[in-house]
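Q: Please take a close look at one part of this structure and explain it step by step for a first-year student. I should like the part to be placed in the setting of its chain.

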Amino acid sequence: MTQKGVRLEREIFLDGYYKAWSMGAGPCRLCETCDTTVPCQHGFEARPSMEACGIDVFKTARDNGFRIDVVRSHDDERNCYGVILVE
């Protein structure tokens, strides 16, 4: 999740929506390599990705009018999405 997304989540929380949660897409980038044999070294910072929670990011983006394409090489343009869930 970008800093902008985290700030927006905080604003939503401060507006009284205490059940606000944000997630980004794709792999965690907090460690160079992830050692799954030990507890997460960044447990207070890491967040599950949308994909890890069962969200079909491609379908969700497309159903809401956003463009998203499969990235086939490092030179391809990437679309980065996140979601803020509010109850």
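A: A residue is called buried when its relative accessible area is under 20%, exposed when that area is over 50%, and partly exposed in between. The model discussed here is predicted. By this scale Gly16 is exposed, because its relative accessible area is 51%, which is over 50%. Gly16 belongs to the loop between helix H1 and strand S1, the latter covering residues 20-24. In space, its C-alpha atom is 11 Å from that of Val86, although 70 residues separate the two along the chain.

The chain as a whole gives the setting. It contains two helices and two strands, arranged in the order α-β-α-β from the N terminus. Its C-alpha trace spans about 40 × 40 × 20 Å along the principal axes. Of the 87 residues in the chain, 14% are buried.

Helix H1, which precedes the loop of Gly16, shows how burial can be divided between two sides. H1 consists of 12 residues, 3-14. At 1.5 Å a residue these should span 16 Å, and the C-alpha atoms at the two ends are indeed 16 Å apart, so expectation and model agree. Within H1, the residues Gly5, Glu9 and Ile12 are buried. These three cover an arc of only 60° around the axis, and therefore they lie on the same side of H1. The general reason is that an α-helix has 3.6 residues a turn, so residues three or four places apart point the same way. The other side of H1 carries exposed residues: Gln3, Lys4, Arg7, Arg10, Glu11 and Leu14.

The part chosen for the close look is the second largest pocket. Its volume is about 270 Å³. The lining is formed by 14 residues, and those nearest the centre are Cys28, Cys31, Cys34, Asp35 and Cys40. By class, the lining comprises eight nonpolar, four polar and two charged residues.

With several cysteines close to the pocket centre, one may ask how many disulfides a search of the whole structure finds. The search finds zero. Cys31 takes part in no disulfide, and the nearest cysteine sulfur, belonging to Cys40, is 6.2 Å away. A disulfide requires two cysteine sulfur atoms within 2.5 Å, so a separation of 6.2 Å does not qualify. Cys34 is in a similar position: its closest cysteine sulfur is that of Cys31, at 6.4 Å, which is too far for a bond. As to accessibility, Cys31 is partly exposed at 35%, while Cys34, at 68%, is exposed.

Leu30 is placed in the loop between S1 and helix H2, which covers residues 57-63. A relative accessibility of 38% makes Leu30 partly exposed. From Leu30 to Tyr81 the sequence separation is 51 residues, and the distance from C-alpha to C-alpha is 18 Å.

The account may end with strand S2, residues 82-86, in which Ile84 lies. Ile84 is partly exposed, because its relative accessible area is 25%, between the limits of 20% and 50%. Its C-alpha atom is 13 Å from that of Val57, and the two residues are 27 positions apart along the chain.

Terms used: Residues are numbered from 1 along each chain as its sequence is written. This is a predicted model: local features need pLDDT of at least 70, side-chain atom pairs count only at pLDDT 80 or more; totals for chains, interfaces and linings use all residues. Side-chain values use heavy atoms; hydrogens and water are left out. On a 1 Å grid over the protein atoms alone, a cavity is a set of points where a 1.4 Å probe fits but cannot get out, and a pocket is an open set with protein on both sides within 12 Å along at least five of seven lines; lining residues have an atom within 4 Å of a point. Grid points are joined across faces, edges and corners, and a volume is the space filled by probe spheres set on the points. Ala, Val, Leu, Ile, Met, Phe, Trp, Tyr, Cys and Pro count as nonpolar, Asp, Glu, Lys and Arg as charged, and the others, Gly among them, as polar. Buried means under 20% relative accessible area, exposed over 50%, partly exposed in between (1.4 Å probe, protein chains only). Helices (H or I, at least four residues) and strands (E, at least two) are DSSP runs, numbered from the N terminus. The expected span of a helix is 1.5 Å times one less than its number of residues. The arc is that of the directions from the helix axis to the C-beta atoms.
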